[in-house]
Amino acid sequence: MTPAELEKIARRIFRDKPKFWKAKLSRVLCVDKSTIHRMMKRPEVPGPVEVAVRGLLEHKKKQDAIEREARKLLPVRLRKRKKVVRKRKAVPSAGTEQTS
């Protein structure tokens, strides 16, 4: 596995916060964040790390499939996420003057 493949898989696993994938991966693998950084500079990722990351990816895929199936069991009105409606503030137009 190349460092580019490791980054791609880690970003897929931790898609909620892709900016912090190195920190999250280091916590999951119980290593220091600098170790992940050094691995990214190597030509290939060590074998045990590759096996662990691929296992994490398989677990994430299964977890996502379970969540999709569980969502199907909910009533239709609860399946969709609620949209947040924000009220806009009234902005005076450029041609009108406000008097206080």
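Leaving aside neighbours within four places in sequence, which residues is Arg54 in contact with? They are Met1 and Ile9. Arg54 is found in helix α4. This is a predicted model, and the report works outward from that helix to the core and the remaining packing.

**Overall layout**

The protein has 5 helices and 0 strands. Along the sequence the pattern reads α-α-α-α-α. Of its 100 residues, 21% count as buried. Among contacts between residues at least 6 apart in sequence, 48% join residues at least 24 apart.

**Helix pairs**

The table lists the axis geometry of three pairs.

| Helix pair | Axis separation | Crossing angle |
|---|---|---|
| α1 and α4 | within 10 Å | roughly 30° |
| α2 and α4 | 11 Å | about 105° |
| α2 and α3 | within 8 Å | roughly 115° |

**α1 against α4**

Helix α1 covers residues 3-13. Its axis and that of α4 cross at roughly 30°. The crossing of α1 past α4 is left-handed. On the α1 side, the contact uses Leu6, Ile9, Arg12 and Ile13. On the α4 side, Val53, Arg54, Leu56, Leu57, Lys60 and Lys61 take part. By class, the residues of this contact are 6 nonpolar, no polar and 4 charged.

Arg54 belongs to this contact. How exposed is Arg54? Its relative accessibility is 39%, so Arg54 counts as partly exposed; the band for that class runs between 20% and 50%. Arg54 also lies 9.4 Å from Ala10, C-alpha to C-alpha, with their positions 44 residues apart in sequence.

Val51 is another α4 residue. With a relative accessible area of 62%, Val51 is exposed. Val51 and Met1 are 50 residues apart in sequence, yet 9.7 Å apart in space, C-alpha to C-alpha.

**α2 against α4**

Helix α2 spans residues 21-29, and helix α4 spans residues 47-73. The two pack at an angle of about 105°, with axes 11 Å apart. That angle makes α2 roughly perpendicular to α4. From α2 come Leu25, Val28 and Leu29; from α4 come Val49, Ala52, Val53 and Leu56. The residues of this contact divide into 7 nonpolar, no polar and no charged.

**α2 against α3**

The axes of α2 and α3 come within 8 Å and cross at roughly 115°. These helices are therefore roughly perpendicular to each other. Their crossing is right-handed. Trp21, Lys22, Ala23, Leu25, Ser26 and Leu29 of α2 meet Lys33, Ile36, His37 and Met40 of α3. This contact is mixed in class: 6 nonpolar, 2 polar and 2 charged residues.

**The core**

Nonpolar side chains tend to be buried together in soluble globular proteins. Here, the largest nonpolar core has 15 residues. Those with the most contacts inside it are Leu6, Ile9, Ile13, Trp21, Leu25, Val45 and Val53. Helices α1, α2, α3 (33-41) and α4 each supply at least two residues of this core. Which helix gives the largest share? It is α1, with 4 residues.

Val53 links several of these names. Not counting residues up to four places away in sequence, Val53 touches Leu6, Ile9, Ile13 and Leu25. Val53 also takes part in the contact of α1 with α4 and in that of α2 with α4.

**Burial in α2 and the turn after it**

Which residues of α2 are buried? They are Trp21, Ala23, Lys24, Leu25 and Ser26. The cover over these buried residues includes α1, α3 and α4. Of the buried set, Trp21 and Leu25 are among the core residues with the most contacts.

Cys30 follows α2. Cys30 sits in the loop between α2 and α3. Its phi is positive, about 60°, although Cys30 is not a glycine. Is Cys30 buried or exposed? At 69% relative accessibility, Cys30 counts as exposed.

Conventions
Residues are numbered from 1 along each chain as its sequence is written. This is a predicted model: local features need pLDDT of at least 70, side-chain atom pairs count only at pLDDT 80 or more; totals for chains, interfaces and linings use all residues. Side-chain values use heavy atoms; hydrogens and water are left out. Axes are lines fitted to C-alpha atoms, for helices over the stretch in contact, and angles run from 0 to 180 degrees between N-to-C directions. Angles under 35 degrees count as roughly parallel, over 145 as roughly antiparallel, 65 to 115 as roughly perpendicular and the rest as oblique. Contact means heavy atoms within 4.5 Å. Ala, Val, Leu, Ile, Met, Phe, Trp, Tyr, Cys and Pro count as nonpolar, Asp, Glu, Lys and Arg as charged, and the others, Gly among them, as polar. A crossing is left-handed if the near helix is turned anticlockwise from the far one by less than a right angle, and right-handed if clockwise. A nonpolar core is a set of buried Ala, Val, Leu, Ile, Met, Phe, Trp, Tyr and Cys residues joined through side-chain atoms within 4.5 Å. Buried means under 20% relative accessible area, exposed over 50%, partly exposed in between (1.4 Å probe, protein chains only).
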